[in-house]
Amino acid sequence: MTDSALPPSRPVLRLNSFRAKFLLIVGGAVLFDLMIGGGIAIWNVNRLSNDATQQVGVGLTKATSEYLQKYAESTAERTNLLIDRIHTEVDILAGSMQSLVDHPQVKTALGEVLEQDPSFSTPLAYNSASDWWQNQPGEASAVTVWGYLLDASRKLPPDVAAEVRDSTAFNIFGPAVQAAGTRKLQVYYMGPKRAPILRSTPYTNQGATFDRVYPGHNQTNWWDFFFPDLYEDWQEWIKDPSSRPVIGDITTLSPYMDGVTGKLIVSFFHPVWTKDRKDISGVVGADLTLDQMADIVESVRIADTGFAFLAMSNGNVLAVSPDGEKTLGIKNSEPSVFDRSLRKSRQPAIAALPLGLDNDGIVQHINLDQQVGSVPYVVVLKKLKPTNLWSAEPGSRGPVRREAMSIGMVVPEREIYASLLAAQQSISRATSRIITYQIIAILVSLVIVFAAVFGISKRITAGLSSLASAAKRLQAKDYSVRVDIPTRDEVGEVGTAFNRMAEQISFHTENLEQLVDERTQELEHANEEILELNDKLRDENVRLGAELDVARQIQMMVLPKPHELEAITSLEIAAYMRPADEVGGDYYDVLQNGSRVKIGIGDVTGHGLESGVLMLMVQSVARALLETGEGDPRRFLDRLNRAIFKNIERTNSDKSLSLAFLDFENERVILSGQHEDVLVIRADGEVERIETLDLGLPVGLEQDISPFVATRDIRFDSGDVIVLHTDGVTEATGSDGKLFGLNRLCESARLRHGRTAEEIKSGIVDDLMSYIGSRKIHDDITLLVMKHR
């Protein structure tokens, strides 16, 4: 070391010293960085935990709802299968008896032969105390002739004796039907109103039983005493087959207590018509105990305490477990009459349960009062197949009405969502654990970093102090000054550089250093601005993507739901929509207001977010106009155009759309508005193409289009099909670059004209997608098929 060389001096820790500032700045920066980084990490963990909890909740809730709906559907199918089986067995018995009625010579001959065979027929004996005739035990069926059918000498008149003889064939068919298939309490045959004898299998002393259970029955015609007006309802069916509430000849009696067994039963009657089909020749029937349906319902097990019940449309619960009965808050108030109605439940939420088609298969959430307080429950109701029903309840007898029973599923939310709660608790515990570990890691890092900074500052500032002293001497124009820093780190390198720099002219060195510092700061500032702009651009892209996704979801949400289309009883409607981008510009809607159904279809110029917003405007305005009762198609389209034109004018948009509406009411279809050709496929397969060019003007081009709007009536008979589409269908290109075209669309629809609307729609879409192949779809595709039932 030369005389002018300065050894490293011992640093002194003063508030204004470099070391103090170094510790303050570096330590503060490290502390700030750790706090910000740790805070962001904790915030991200917490956000991820919330997102995971929400996603798990949505997924498990959806899965649970679908599970309950599928369980309800399968239970309903099992019950429907049981009812279908008994219907089939009664149909078989009725068909056998009907064959004999249609061949009277065979019926009489068979009855005479069977009457002579003691294994099929035993003599009738007169009961003078009760005034009726009945056969003896040993025959396959018991046959009773009531006193009001006898003549003055208490004998059987010839027509009644013939009815007894001819119905002996029941001894062949009845026991076979009784023994096969479902467990039936009994199977029986009843004569027409002029001679209502009763024949039932297996054999019972039915005359004595009826005297005991139904006093006074032997003085009044069977049909008038037990089933007033039912016989007349059947006769009305002969005159007007469409008067049947449900297609089919079987009539179900509402459940009642059987007078013989005391069991809750359901009876199924099937009239046997005369040969000329102008009157009733007799009736066959079967009794089914509700035990079999109750077994299906009571076998349902959902979670720990969930259960099922079977209820009629009036709320009367036919089958439920004892625990379920207690939960529902119902009971049978009168032992002699079966009355266990939901409407009389002590639980207000149960009494208010809707049993209509609007809630078929929908998951409902209710609160029931329990000993522990109000408990949330989940309820799913599923309708069974409808049937013709005659009510046996006093004051409710006749006429025959449509009846659709419901299967109900009831389960506490805490049980059905147990896995969801467990998952959420597990995520919460894991989140707390991660946050705790993160805080500990931050604290440990702070201790280690501050210790390292303190040690390094001492090492750095020693050399820097020497450099500071040398710099002062250099400032005093002592260019002979040198520093001796023995370390081999960056500070040592600085010392070496300083020694070299001292050999140069001080003024040149100082100006050069200043220029470098200024340019460095400028570059750092420009780089920070670039990074900030990149972050803003990335955030904007994420925001725009989210907005497009929300717009697409909103667009799909406003489309007609399947249950809305199914509620239109006179029409079958199937629809398909596929946007070319995230948000499409096609429009279709099916709106119903009372007996009026309005079907709209349109195509906004272009596609994307702006077109999707315009489509939503059209949907909202159309629904609002229909709700106001605007029934004139021309005024409807004109008023809609005025509203859309003003919105387009306000948004300074150049969009417009082709738009057409079909109004269906009272078997009449009126077409209005300008759009693609409307296809009508008649029931015989004939295809009609209806142009709409002269029926309107694109919506949004002019404020007043009323002079251009016209209407056209379309004949729409039963079995006819109307196909609506946008140009995305006909202008789709295949592998050869040619358009799919209107002719291909007509042919695809014509080939399927006898099928359902859903099958026609699916077939056309399959043909279209097969034609497009792997090519990109450049325009929105919308297809709507409407079939007159």
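1. A word on helices before anything else: here a helix is a DSSP run of H or I with at least four residues, numbered from the N terminus. Helix H12 is such a run, covering residues 418–475, and Ile448 sits in it. Please keep in mind as you read that this is a predicted model.

2. Staying with Ile448: is it buried or exposed? It is exposed, with a relative accessible area of 55%; the cut-off for that word is over 50%. Ile448 also belongs to a nonpolar surface patch of about 420 Å², which it makes together with Tyr437, Ile440 and Val444.

3. Now the overall picture. The protein has 789 residues, and 46% of them count as buried. DSSP runs give 20 helices and 28 strands. About 40000 Å² of the protein is exposed, with carbon and sulfur atoms supplying 55% of that area. As for contacts between residues at least 6 apart in sequence, 65% of them join residues at least 24 apart.

4. Helix H4 (residues 170–179) is worth a look. Its buried residues include Phe170, Asn171, Gly174, Val177 and Gln178. Why do these five fall on the same side of H4? They cover an arc of only 145° around the axis, so they share one side. The general rule behind this kind of pattern is that an α-helix has 3.6 residues a turn, so residues three or four places apart point the same way. Just after H4 comes Gly181, with a positive phi of about 70°.

5. A few backbone spots to check by eye. As background, most residues other than glycine have a negative phi, and most peptide bonds are trans. Against that, the bond from Thr201 to Pro202 is cis, with omega near 0°. You'll find Pro202 in the loop that runs between strand S6 (198–201) and helix H5 (206–213).

6. Two non-glycine residues have positive phi. Asp229 has a phi near 75° and lies in the loop between helix H6 (222–226) and helix H7 (230–239). Arg277 has a phi of about 60° and is placed in the loop between strand S9 (264–273) and strand S10 (280–289). Are they buried or exposed? Neither word fits: Asp229 counts as partly exposed because its relative accessibility is 45%, and Arg277 counts as partly exposed because its value is 37%.

7. Further along the chain, Val699 sits in a loop, the one between strand S25 (687–690) and strand S26 (711–714). A loop residue, then, but Val699 counts as buried because its relative accessibility is 1%; the cut-off is under 20%. Which residues does Val699 contact, once neighbours within four places in sequence are left aside? They are Leu637, Leu640, Asn641, Ile644, Ser656, Leu657 and Leu659. Val699 and Gln674 are 25 residues apart in sequence, with 8.8 Å between their C-alpha atoms.

8. Last, Ser672, which is in strand S23 (residues 668–674). Ser672 is buried, with a relative accessible area of 1%. Setting aside residues up to four places away in sequence, Ser672 touches Pro633, Leu637, Leu659, Ala660, Phe661, Leu695, Ala710 and Thr711. Put this list beside the one for Val699: Leu637 and Leu659 turn up in both.

Notes:
Residues are numbered from 1 along each chain as its sequence is written. This is a predicted model: local features need pLDDT of at least 70, side-chain atom pairs count only at pLDDT 80 or more; totals for chains, interfaces and linings use all residues. Side-chain values use heavy atoms; hydrogens and water are left out. Buried means under 20% relative accessible area, exposed over 50%, partly exposed in between (1.4 Å probe, protein chains only). Contact means heavy atoms within 4.5 Å. Accessible areas come from the Shrake-Rupley method with a 1.4 Å probe; for residues, only the protein chains shown count as cover. The arc is that of the directions from the helix axis to the C-beta atoms. Patches are made of residues with over 30% relative accessible area and no salt bridge: like charges are joined within 9 Å, nonpolar side chains (Val, Leu, Ile, Met, Phe, Trp, Tyr) within 5 Å. A salt bridge is a side-chain nitrogen of Lys or Arg within 4 Å of a carboxyl oxygen of Asp or Glu.
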